[in-house]
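Thanks for coming, everyone. I have one structure to walk through today. Please take a look at it with me.

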Amino acid sequence: MNNLNVRKGDNVKVLTGKDKGKTGKVLATDPKTNKVLVEGVNIATHHLKARSATEQGGKKKVEAPIDCSNVQIICPSCGQSVRVRHQEIDGKNARICAKCGASLDAALKAEKTKKKADKADKKAEKAKTSTKKAADKKTAAKKAEENNVPVENSSDGKTE
């Protein structure tokens, strides 16, 4: 089984072929066939046949895999397409930029932690709005009790 220097989520530059010089994000890797799928690179046309009377046929543009030897990783710290060195850091194998020596895996981890932080912020915001709505309902119910007005329950549509 081959180990690829390229992983899903890496930004790469195409070195050869009709898309030479283009850059894109790696969407998928296949170590068995030594191929990678790069966003916006090696676009192929798939012809679709209508399988039923309601379904339409047509043409669909999709990315086709290219050999991993035809791409090179773009280092996030120095911004150049670089070769990859492997080094053991803290008991774990890490990919290192051959030009500047920066870790290529740390950038991916930083992106993932940023996404997790964004999700946590969204959850906290939702919790705040839901508690605010519940507090507003309670205050409305108290005001209605003081005025002896029947309160309509929004969940079942009945008056109390």
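Let me begin with one residue, Asp10. Asp10 sits in the segment before strand E1, which spans 11-14. Keep in mind that this is a predicted model.

Is Asp10 buried or exposed? Asp10 has a relative accessible area of 5%. The cut-off for buried is under 20%, so Asp10 counts as buried. What does its side chain reach? The side chain of Asp10 comes to 2.8 Å from the backbone nitrogen of Arg7.

Now step back to the whole chain. How many helices and strands are there? The protein chain has 10 strands and one helix. The order is simple to follow. Starting at the N terminus, the strands run one after another, and the helix ends the series: β-β-β-β-β-β-β-β-β-β-α.

Next, burial and surface. The protein chain has 160 residues, and 19% of them count as buried. About 12300 Å² of the protein chain is exposed, with 49% of that supplied by carbon and sulfur atoms.

What about contacts along the sequence? Take the contacts with a separation of 6 or more. Of these, 37% join residues 24 or more positions apart.

On to the inside. The largest nonpolar core holds 17 residues. Which of them touch the most other members? They are Val6, Val12, Val36, Val38, Ile66 and Val71. Strands E1, E3 and E7 (71-74) each give this core at least two residues.

Let me pick out Val36 from that group. Set aside its neighbours within four places in sequence. Val36 then contacts Leu4, Val6 and Ala28, along with Thr29 and Pro65. Ile66, Cys68 and Val71 are also in contact with Val36. Val6, Ile66 and Val71 are names you just heard in the core.

Last, two asparagines in loops. First, some background. Most residues other than glycine have a negative phi. Asn34 has a positive phi, near 65 degrees. Where is Asn34? Asn34 lies in the loop between strand E2 (23-30) and strand E3 (35-38). With 22% relative accessibility, Asn34 counts as partly exposed. That is because partly exposed runs between the 20% and 50% cut-offs.

Asn42 also has a positive phi, about 55 degrees, and is not a glycine. Asn42 is found in the loop that lies between E3 and strand E4 (43-48).

That covers my tour. I am happy to take questions.

Note on methods. Residues are numbered from 1 along each chain as its sequence is written. This is a predicted model: local features need pLDDT of at least 70, side-chain atom pairs count only at pLDDT 80 or more; totals for chains, interfaces and linings use all residues. Side-chain values use heavy atoms; hydrogens and water are left out. Helices (H or I, at least four residues) and strands (E, at least two) are DSSP runs, numbered from the N terminus. Buried means under 20% relative accessible area, exposed over 50%, partly exposed in between (1.4 Å probe, protein chains only). Contact means heavy atoms within 4.5 Å. Accessible areas come from the Shrake-Rupley method with a 1.4 Å probe; for residues, only the protein chains shown count as cover. A polar contact is a pair of N or O atoms within 3.5 Å; within protein, one must be able to donate a hydrogen and the other to accept it, and residues adjacent in sequence count only if both atoms are side-chain atoms. A nonpolar core is a set of buried Ala, Val, Leu, Ile, Met, Phe, Trp, Tyr and Cys residues joined through side-chain atoms within 4.5 Å.
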